[in-house]
Amino acid sequence: MKDLSAWQNTINPKRAGAGYFLHLTGRVQFSSVEYFQYRQFSPHQLKEAVREWNQWIKEFRQSGLQYVRDAASSAQPMDCPAVRDLCSDGKLLEWESELEDQTLEQWRGTSREVMHKLKKRRENRMVDQETANPRVPSPSPVSSSAAPTSSSTPSSGASTPSSTSSTSKPVPDTSATSSGVSSLSPGAISRMRSDFERNFRDGESWILKSGTDFDAILHRYTMTLKVETALHSFIWDQRNNRLLELFPKTDREEVESCFFAKPKKPELPRWKKQILLEYSLDDASLRNRLRKGWTWKEEEEGPEKEGEEGIGSFTLEPQETQCKNDQRSQTEEEDFRMAVHCAILEIWRVYQARSAEIHEKQSEAWFALRIWNGLVDGLLGDMKGIKLVRGEKCSTSSSYRKNDGRDLDTRKAMGRKIDGIFASRLSKVEYGAIEVGKDDEGYSGSKALVDARKLAKLSKDMLDHLLKSCTRPGQVTMDIEVLGLLQSGLHIEFLSLVKTRGRYCIFRRESSFTIPKSLKNKGINTILLLIKELLVLGERLRQVESAYEAAKHVRDEVFFHQLFDVSESSEPDDEFVSTPKTLNTPKSSPKTRAINK
């Protein structure tokens, strides 16, 4: 119908709920029930649904087309009995999923009607499960002296079926719920999807060379998930390689080149590497080296042959030892020697005095105090312009996101707590975070997965806060990165988050190290490589700080035109890069919801 397409062209496609009216075909009829289901409202969002629906109907009643006015006049209100039944069923499903593991005595506090419905639904569900999966009776034991009957004796020409086919056990349920991973209630899933849909409206999509909408593919996949992931906060975790399978084979190379490119790291000066090389010794030699103090230099006991440098049988040629960034002052070299010596000495003392404790299961505080305090805090805790805040501190960036749009009637929300934050000494921006755990469960452990998602979301908040604090965010979008450390027992992983094309950021999994439980067989080499990576991390933090400080000042051209009220500038101003918000963690427990109310 030409009139229908002409009417649909007048609808703003970016308005909330416009998709329902744009997909109408044939005879125009407005159904409040279908609109409620299309928008995936939760039972607690009925007031919002009523407000949206009334605004649409009010506009359509004033339309210039007669059939649109007729459809709006005959439309049912959003608070009709059919919609209220949907809400009651949704609430019942939500309560049922939250209380399904509790006894009837623990249901006190709900009405008798709800208790009766929940009890009835539980009984019906148990009957349905037994009907769908009937129990296989165990075979009765047969005496070895009992003779088989003629009916059970197979003929000589017939094949004998497997004796285990009739007594095989049913296949166990390997779903997420049975494996111990908590699933969200239907109401929480609906709220999570609606919040993600609302945040998705900000930003622009990345169109691949083939014309494929990159953001639309990830959007469709994310809307099918029933558990919160980093994708709900517009973050692609590099650990999730299966996301590439969502794209056509012709587009995978382009996506992989953007989301799996290696980060550009600054090179550590050669003279710093030479100082680290002095500590690559066996246990006895390392003891003697540490006893001499940080002021001792290798040249004092006789330098090696001029032009040679190396370890053991491995040496570097004279031209390979030259480096452009070898320039340093005597004070800079002395400060570096002291910091490295103190870090190695502190962890060496742990091996000498607490060698038995390293092999035992320890608390999170033990690893933070004995292992990581000397390495991470000793090397990165005294940077100029950047401070390392320790001890379950609330993130300022997370607080800004949670309180966006807050008024005086709303209580201010606290930021997400984290074990360590790299923050600016001059402003309230943050450059990185640290999360600590006591057990190394591997990459697939529940604690590791939750901590990685937590760190990714917090890094996204820090990146958004950095970009919003800049006067020229378009200049630093690709240059600013948020860095992170994920510590699990003796294991540490280096992480980073950067803005890519479209709405999404990439959460990069970089190098990882495991502290050896003994210094035998040159175990110190692993610690030296970890120290090198921590020093590179410090240089990257300084680069991020420099890029931010340069981008937050007003350019001379902009200052001149604003000072003299010039309407047009010779160069366009840097536009703000709009990024979707990080998703709020879904809340489904009755206790948490009551506190929030």
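This tour moves through a predicted model, from a seven-strand sheet to a helix that packs on it and then to a second helix.

Residues are numbered from 1 along each chain as its sequence is written. Because the model is predicted, local features need pLDDT of at least 70, side-chain atom pairs count only at pLDDT 80 or more, totals for chains, interfaces and linings use all residues, and side-chain values use heavy atoms, with hydrogens and water left out.

Select the open sheet, whose seven strands (DSSP runs of E, at least two residues, numbered from the N terminus) follow the order β1-β9-β8-β7-β6-β5-β4 with mixed pairing, where two strands pair if DSSP finds at least two bridges between them. At its edges are β1 (235-237) and β4 (386-394), each pairing on one side only.

Next, select β8 (residues 491-499) and β9 (residues 505-514), which pair in the antiparallel sense over eight bridges; here Lys499 has Cys505 of β9 as its bridge partner.

Now add helix α20 (residues 524-551), a DSSP run of H or I with at least four residues, which packs on the sheet and touches β4, β5, β6, β7, β8 and β9, contact meaning heavy atoms within 4.5 Å.

Finally, select helix α14 (residues 330-353), which packs against α20 at an angle of about 140 degrees, with the axes 12 Å apart; axes are lines fitted to C-alpha atoms, for helices over the stretch in contact, and angles run from 0 to 180 degrees between N-to-C directions. The two helices are therefore oblique to each other, since angles under 35 degrees count as roughly parallel, over 145 as roughly antiparallel, 65 to 115 as roughly perpendicular and the rest as oblique. Among the residues making this contact are Phe336 and Tyr351 of α14 and Ile524 and Leu535 of α20.
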